[in-house]
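Here is the note you asked for, set out as numbered points to be read beside the coordinates.

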Amino acid sequence: MSLSSLLSTVPNYYIITLLNSNLLFDYYREYLNCTVNIQINDIRQMPIFIPSREDLGQIHELFLKAYAIKKNSNDEQLSELRQVETAMDKLVGTLYGV
C-alpha cells in the first residue's frame with residue numbers, strides 16, 4: 001500500500017512533513033491507533049490542513065534542507081537536522097493553531 005496526494009495543492013512532501021511532525025504523530029497515537037503497527041487506513045483519517053502558498057513554500061524549503069542533510073548525513077550535521085526538524089514542527093503547529 002502507498003499513500004499519496006490527489007491534489008496539486010497538497011504535494012507529497014507536505015504530507016511527509018505532516019506525518020513526521022510531533023503534533024500529528026501524537027494525534028495519531030492518542031486518537032487513531034495506540035499500537036505499534038501503523039495502518040494506512042488510520043493515516044487516511046488524519047486531519048490534513050490545506051496550506052497557503054507561503055506556508056507551502058516554507059515547508060518545501062525546510063523539507064529540501066532536511067532531505068539534503070539526511071542524504072549526506074554525518075554526525076556533525078545531526079544538530080543541524082534537529083534544528084530543521086524543530087522549525088518544521090513549529091510551522092506545523094502554527095498551521096494547526098497550536
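1. I begin with helix α5, in which Leu81, Val84, Met88, Leu91, Val92, Gly93 and Leu95 are buried. The structure is a predicted model, and the remarks below should be read with that in mind. Among the elements that cover the buried residues of α5 are α1, α2 (22–32) and α4.

2. As to its geometry, helix α5 spans residues 78–95, a run of 18 residues, and reaches 26 Å from its first C-alpha to its last, which is close to the 26 Å expected at 1.5 Å a residue. Just after α5, Gly97 takes a positive phi of about 75°.

3. Ser21 deserves a look alongside α5, since Val92, one of the buried residues of that helix, is in contact with Ser21. Ser21 is placed in the loop between α1 and α2, and its relative accessible area of 2% puts it in the buried class, for which the cut-off is under 20%. If neighbours within four places in sequence are left aside, the contacts of Ser21 are with Asp89 and Val92.

4. The aromatic side chains merit a separate point, as the count of aromatic pairs comes to four. In one of them, Tyr13 and Phe63 form a tilted pair, with 5.7 Å centre to centre and 35° between the planes. Tyr13 lies in helix α1 and Phe63 in helix α4 (residues 53–71), so this pair ties together parts that are 50 residues apart in sequence. Both Tyr13 and Phe63 are buried.

5. Phe63 also pairs with Tyr67, and here the ring centres are 6.4 Å apart with the planes at 15°, so the pair is stacked, given that planes under 30 degrees apart count as stacked. Phe63 and Tyr67 are four residues apart in helix α4, and are therefore separated by about one helical turn. How do the two differ in exposure, buried or partly exposed? Phe63 is buried, with a relative accessible area of 19%, whereas Tyr67, at 48% relative accessibility, counts as partly exposed. Taken together, Tyr13, Phe63 and Tyr67 form one aromatic cluster.

6. In the segment before α1, Pro11 is buried, with a relative accessible area of 17%. Not counting residues up to four places away in sequence, Pro11 touches Ser5 and Leu56. The second of these contacts involves residues that are 45 apart along the chain, and the C-alpha atoms of Pro11 and Leu56 are separated by 8.9 Å.

7. The segment before α1 (12–19) also holds Leu7, which is partly exposed, with a relative accessible area of 48%. Which residues make the nonpolar surface patch of about 430 Å²? The patch is made by Leu6, Leu7, Ile48 and Ile50.

8. A last point concerns Asp26, which is placed in helix α2 and, at 48% relative accessibility, counts as partly exposed. Asp26 and Lys70 are 44 residues apart along the chain, and their C-alpha atoms are separated by 23 Å.

Terms used
Residues are numbered from 1 along each chain as its sequence is written. This is a predicted model: local features need pLDDT of at least 70, side-chain atom pairs count only at pLDDT 80 or more; totals for chains, interfaces and linings use all residues. Side-chain values use heavy atoms; hydrogens and water are left out. Patches are made of residues with over 30% relative accessible area and no salt bridge: like charges are joined within 9 Å, nonpolar side chains (Val, Leu, Ile, Met, Phe, Trp, Tyr) within 5 Å. Accessible areas come from the Shrake-Rupley method with a 1.4 Å probe; for residues, only the protein chains shown count as cover. A salt bridge is a side-chain nitrogen of Lys or Arg within 4 Å of a carboxyl oxygen of Asp or Glu. Helices (H or I, at least four residues) and strands (E, at least two) are DSSP runs, numbered from the N terminus. Buried means under 20% relative accessible area, exposed over 50%, partly exposed in between (1.4 Å probe, protein chains only). Rings of Phe, Tyr and Trp (its six-membered ring) pair if their centres lie within 6.5 Å; planes under 30 degrees apart count as stacked, over 60 as edge-to-face and the rest as tilted. The expected span of a helix is 1.5 Å times one less than its number of residues. Contact means heavy atoms within 4.5 Å.
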